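Work through the exercises below with the sequence and the model side by side. Each task is followed by a solution that goes step by step.

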Amino acid sequence: MSKILRVNMSDLSVRSEDIPEAYQGLGGRGLTSAIVSKEVAPTCSPIGPNNKLAFAPGLLGGTNCANSGRISVGAKSPLTGTIKEANSGGQAGQYLARLGIAALVIEGLPKEGKLYKLFVGKDKYELSPADDLNGLGNYATVDKLKDEFVDKAAFVSIGQAGEWKLVAASVAFTDVDGRPCRHAGRGGLGAVMGSKGLKAIIIDHAGGESAPIVDKDAFKEAATRFAKAIKEHPVTGQGLPAYGTDILINIINEAGGLPTRNFSSGRFEAADKVGGETLNKITVERNGNPTHGCMTGCIIQCSGIFLDKKGEYVSKWPEYETVWAWGPNCEIDDLDAIARIDRACDDIGLDTIDTGNAVAVAMEAGIKAFGDAAGAEELVAEIAKGTPLGRILGSGAAMVGKAFGVRRVAVVKNQALPAYDPRAVKGVGVTYATSTMGADHTAGYAVATNIMKVGGDVDPLKAEGQVKLSRDLQIATAAIDTCGLCLFVAFPVMDIPDAFNAIVDMVNAKFGLSLTGDDVGSLGQNVLKSERDFNKRAGFTSADDRLPEFFKLEKLPPHNEVFDITDEELDTVFNF
Ligand code: SF4
C-alpha cells in the first residue's frame with residue numbers, strides 16, 4: 001500500500017502523501033495507534049480540533065489471505081480518554097487496501113452544524129456537503145448514498161448518536177450485502193467522526209487491484225496452510241459457522257461466568273432461550289441463513305441473518321456480546337426483541353455492549369424492571385429521539401450509574417465490561433483491568449484458555465497464571481489486529497502451530513521480509529508500548545488499571561468467587 005490520505009475538515013481539503021518512515025511496516029491497529037500516538041496531543045479534547053480519526057486496513061488487507069479484511073479505527077476516545085482502536089468487518093478494509101490506501105486520516109473541525117460526505121475512489125477523492133443526511137440513521141443514510149453512488153461501494157457512516165457526539169456512538173460499515181450492520185463499536189469513535197462533521201465515507205474500489213505481493217508463490221502456499229488450519233479447528237471450522245458467536249451463551253452460563261441482572265449472578269435461568277443453538281434453530285425454521293460472512297474472504301462465516309416470524313430481515317445475527325448485554329444482563333429471554341434492539345443500535349449507531357450495560361444499570365436504578373423487553377426497546381427509542389434520558393443512556397453505563405446513583409457499575413476507564421464476569425473468568429478480568437483501551441475482551445481473550453481450553457488450560461477460578469495468560473494474549477492480539485485478521489483466527493493460531501507460522505510466512509512473502517515468530521511478538525509489544533505511552537502522557541497511571549471495587553467485595557454465584565488478583569500482580573502485566 002502506497003499512500004496515506006489526509007482529510008482536513010477545517011479547510012475541506014483532501015491530500016495524498018507517501019507513507020512516512022515512522023509508519024513503514026505497520027497496518028491496522030499498529031498504524032492507527034502509531035498515528036494517534038505521534039500526531040494527537042494526549043490531553044486534547046476528543047471532540048475538538050486536535051483529535052484525529054484514523055482508518056487503516058491491516059498488513060494483509062487486499063490479499064486473498066482468509067479473514068484478513070478487518071479495518072481498524074483509531075483516535076483518542078471520548079469515552080475512556082485513552083488511545084482507542086476498534087476494528088470491524090465489512091467491506092471497507094479490503095476496498096481501501098485495493099485502492100492502495102494504507103490509512104485515511106480525518107483532521108480538524110468544520111463549521112459548527114455542517115455535515116459532509118467523503119468519496120474515495122481510484123485516484124479520486126472528494127468532500128461534499130451532506131446536509132440532506134442530517135438526522136438519519138445508518139440504514140437510511142446508506143440507502144440514500146446507494147442511490148447517489150454505486151451501490152457496490154463500501155459505506156462507512158454514523159447514525160444520530162454520532163452526530164450528537166454521544167460517547168457510546170459507533171462507526172458503521174456495510175457488510176457484503178451492503179447493510180450497515182458491522183461496527184467499530186467501542187470507545188465512542190462515532191462521536192469523533194460526528195465532531196468532524198463527517199456523516200459518511202463512500203469507498204468505490206472500481207479500478208483497484210489486489211495488494212502487491214513480492215513472492216506470490218510463497219504467499220499462496222502459506223495462505224493455503226492458513227485456510228486449512230482455520231477449517232480444521234473445531235471452533236472456526238464447525239462451532240462458529242453453525243451457531244455464531246452466540247454459541248457462547250450456554251458455554252459461559254455453564255461455567256458460571258455469564259453476568260446476569262447487571263453482574264449480580266453468573267448464571268441466567270433462561271440462557272438456553274437466547275443461546276446459539278436456539279438462534280440457529282429459529283433461523284432455519286424461518287428459512288434464514290445461519291452461515292454468513294460479514295466480509296469478502298471470510299471462511300469462518302459466524303454472522304448469520306436474523307429474520308422475524310414473517311421471514312423479513314431484521315438484523316445480522318446479534319453477536320454473543322450483544323445477546324448477553326440485552327439478554328441475561330437485562331434478564332430478557334426473547335431473541336426477537338434482542339434482534340430488534342440490535343437493529344436499532346446499528347441504525348442509531350451505538351455500541352451494543354455499552355448501551356446494553358447502560359440499560360441494565362438503569363434497570364437496577366428502577367427506570368424499568370429487569371426482564372422488561374418492551375421497556376428496553378422503549379429506552380432505545382428514547383436514544384433515537386435524542387431525549388435527555390436517551391442522551392444519558394447513549395453516553396454509556398458509567399454515565400447512567402452517575403446520573404442515577406447506582407453503585408454496581410461494571411466499567412474500566414469508563415468503558416463497560418463485556419459478557420464474561422471477571423470473578424468467574426479471572427484471566428479476562430486481568431485484560432479488562434489493564435488493557436490500553438478500557439474494559440475490552442478482544443484485547444486479550446483469556447476466555448479461550450480459561451473456559452474452552454484452547455492454547456492450554458488455566459483454571460478460570462484461580463489467580464495463578466492469569467497475568468501471564470493475559471500478557472501473552474494482549475501481545476498476540478496487538479499483532480493480529482495489526483495484520484487486519486479477524487480475531488477468531490486466534491483459535492487455530494493458539495492450537496495449531498502452523499497457523500501462526502503461516503501468518504509470519506504471508507507477511508514475509510508479501511513484503512519480501514524474513515521476520516521470525518519472535519519479530520511478530522515484538523511487533524505486538526511495540527504496539528502496546530506506544531499505546532501505553534500515549535495513555536501515560538494523557539495522565540493515566542497504574543491506579544487506572546483496576547476493576548471496580550464491587551468485584552472484590554461481592555461474591556458471584558454460583559461459584560461465590562471474588563476477583564482476587566492483587567494490584568501488585570496487575571502492575572506486572574506490561575513488564576516487558
Ligand atoms: S468470522 Fe465472523 S466476525 Fe470474523 S470476518 Fe467472518 S463473519 Fe466477520
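**Exercise 1: the ligand shell**

The shell around the ligand divides into seven nonpolar, five polar and two charged residues, where Ala, Val, Leu, Ile, Met, Phe, Trp, Tyr, Cys and Pro count as nonpolar, Asp, Glu, Lys and Arg as charged, and the others, Gly among them, as polar. The model is a predicted one, in which local features need pLDDT of at least 70, side-chain atom pairs count only at pLDDT 80 or more, and totals for chains, interfaces and linings use all residues. Residues are numbered from 1 along each chain as its sequence is written, and side-chain values use heavy atoms, with hydrogens and water left out.

Task: state how many residues surround the ligand and which are the closest.

Solution: 14 residues surround the ligand, a residue being near a molecule if one of its heavy atoms lies within 4 Å of it. The closest are Cys-294, Met-295, Cys-298, Cys-302 and Cys-486.

**Exercise 2: an open sheet**

Task: find the order of the six strands in the open sheet that contains E1, and say which strands stand at its edges.

Solution: Begin with the order, which is E2-E1-E6-E3-E4-E5 with mixed pairing; strands (E, at least two residues) and helices (H or I, at least four) are DSSP runs numbered from the N terminus, and two strands pair if DSSP finds at least two bridges between them. Next, E2 (13–18) and E5 (83–88) each have a single partner strand, so one side of each is left without a neighbour in the sheet. Then take the pair E1 (residues 3–8) and E2, which run antiparallel and are joined by six bridges; within this pair, Lys-3 stands opposite Asp-18 in E2.

**Exercise 3: the cavities**

Task: state how many cavities of 30 Å³ or more the structure holds, and which residues line the largest.

Solution: There are two such cavities, a cavity being a set of points, on a 1 Å grid over the protein atoms alone, where a 1.4 Å probe fits but cannot get out, and lining residues having an atom within 4 Å of a point. The largest has a volume of about 40 Å³, that is, the space filled by probe spheres set on the points, which are joined across faces, edges and corners. Its lining consists of Gly-244, Thr-245, Asp-246, Leu-279, Cys-302, Ser-303, Trp-317, Pro-318 and Glu-319. Cys-302 thus lines the largest cavity and is also among the residues closest to the ligand.

Terms used:
On a 1 Å grid over the protein atoms alone, a cavity is a set of points where a 1.4 Å probe fits but cannot get out, and a pocket is an open set with protein on both sides within 12 Å along at least five of seven lines; lining residues have an atom within 4 Å of a point.
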